Structures are given as structure tokens and as C-alpha cells.
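Open the model in your viewer and keep the sequence panel beside it. The tour goes from a single residue out to the whole chain.

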Amino acid sequence: MTGPELEVSRWRSVWRQLPLLLALVVLWVFLWDHVDVLTITTGVLLAILVTRFLYLPPILLSGRFNPWRGLLLGLRMMFDVVVASLQVAVLAVNPRWKPLNSIIAVQLLTRSDLVTTLTAEAISVVPGTVVVDIDRERGLLYLHALGTRTAADIERTRRNVLGTEERIVLAIGTREQAASVQAARRARRTERGSRSGEGASRAPETPKEEPR
């Protein structure tokens, strides 16, 4: 890579991390509850220190935001939180309910640290599910899910996690990531449709009663 190309790549990296730097500075100002030159200066220095010198993977923003997809993501999050809260409340007061929970491994579609973090946070916000571990190298989320009594419950939980990841990617991910998750979504729908068709074709016929 030549000198000018390296310089452009470096400035592009700084530009993509600029929203993260600003967010860290704002958080620092909120913690001090005081706005002056010293607070802002120390916030900028600490933000640069955190993003550049600590042993952390680089967080590069895509530089893309889809307002419509972001609105759908927020509305779906609120819907999931309300529904899950009601479900957990009903289970908590039901004397017949016996807890049967699971630790579920979910293979994510992307390897982006930002998408993985946001997906884990979104899943943990919804009552009844909490992420207990992340395998960053393989893109695996391990979550504790409430009320998973059957294999269908476990599969539904996996679909919910992948759906959350898809909505996050479509809202803030790169164009390549968005195209990848859309292709994966179409593939899953095709697979479910073929399974439903096979199940219908293999349905046993009702035996006819022999005349006596």
C-alpha cells in the first residue's frame, strides 16, 4: 500500500470512529455533570486512549444508517420487551409452571464486533433471555433462555436472535453485511418452505374402514 493510500485509509478509519469518540466524550461529560474546557479536553484524550491504546479490537462503524430500518428496529424492540414482560409475569404467578430453561448456542451471520455487541445487548434487554458468553472468533452467542421446554421453543429462540441481528445489520451495517443477511434470510425461508412441503407430502392417509 502506497503512502497516499495508507493516509486515506487512516483518515477513513478515524472518520468511521468519530461517532464512537463523540459518544465517549459525551458520556464523560455526563459523568462529571459539568461542561468546561478541562472536562471536554480530558474526555477527548480518554476517548482516544480507550480506542487506540488499550487492548481492544478496533471498532469501525460502517458509516451507513438506514432511518426506516432503524425505526423498525426500535419498534420491534419495544414490542418484544412488552410481550416478553407479560409472558414472564404470567409464568411468575402461575402455580402450575415448572421452570425448564436452556443454554442455547446461536451462530451469528456476521463477524462484526459492533453487530455482535449490539445483538447481545438487544437480546439481554428482552426479559426471559440473557447472553452468558460470546465466542468472538467463531461468532457464537451463548444465551440462557426461559421456558424452552421443546425443540421447537429452542429453534424459535434461535430465529428470534438471528432476526434481531438482521434488523441491526439492515439498520447500521455495511451494504455487504446487509446483502449477506438478506440472502441468509431467503435461504432459511426456502428451507422452511421445503420442510413444510415434505411434511405435508408425507402425512399419513386416514385408513379406510373395510366394509363388513
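Select T39 and show its surroundings: leaving aside residues up to four places away in sequence, T39 touches W28, V29, W32 and H34. This is a predicted model, and the contacts are those found in it.

Now colour residues 37-52. This stretch is helix α2, and T39 lies in it. Is T39 buried or exposed? Its relative accessibility is 8%, and because buried means under 20%, T39 counts as buried.

Next, select the whole chain and switch to a cartoon view. The chain has six helices and three strands. Follow them from the N terminus and the order reads α-α-α-β-α-β-β-α-α.

Turn on the surface. The accessible surface of the chain comes to about 15100 Å², and carbon and sulfur atoms account for 63% of that area. Of the 212 residues, 26% count as buried. Then look at contacts across the chain: among those between residues at least 6 apart in sequence, 67% join residues at least 24 apart.

Finally, colour by pLDDT. The chain averages 81, and 80% of the residues score at least 70. Which elements have the lowest and the highest mean pLDDT? Select residues 3-32 for the lowest, helix α1, with a mean of 70. Select residues 140-145 for the highest, strand β3, with a mean of 93.

Two stretches remain. Over residues 4-8 the pLDDT stays under 50, and the model has one contact for them beyond four places in sequence. Residues 207-212 are also below 50, with zero contacts beyond near neighbours in sequence.

How values were computed. Residues numbered from 1 in each chain as written. Predicted model: local features only at pLDDT ≥ 70, side-chain atom pairs only at ≥ 80, totals over all residues. Heavy atoms only, no water. Helix = DSSP H or I, 4+ residues; strand = E, 2+ residues; numbered from the N terminus. Buried < 20%, exposed > 50% of the residue type's maximum accessible area, 1.4 Å probe, protein only. Contact = heavy atoms within 4.5 Å. Areas by Shrake-Rupley, 256 points an atom, 1.4 Å probe, with all protein chains shown as cover. pLDDT = per-residue confidence, 0-100.
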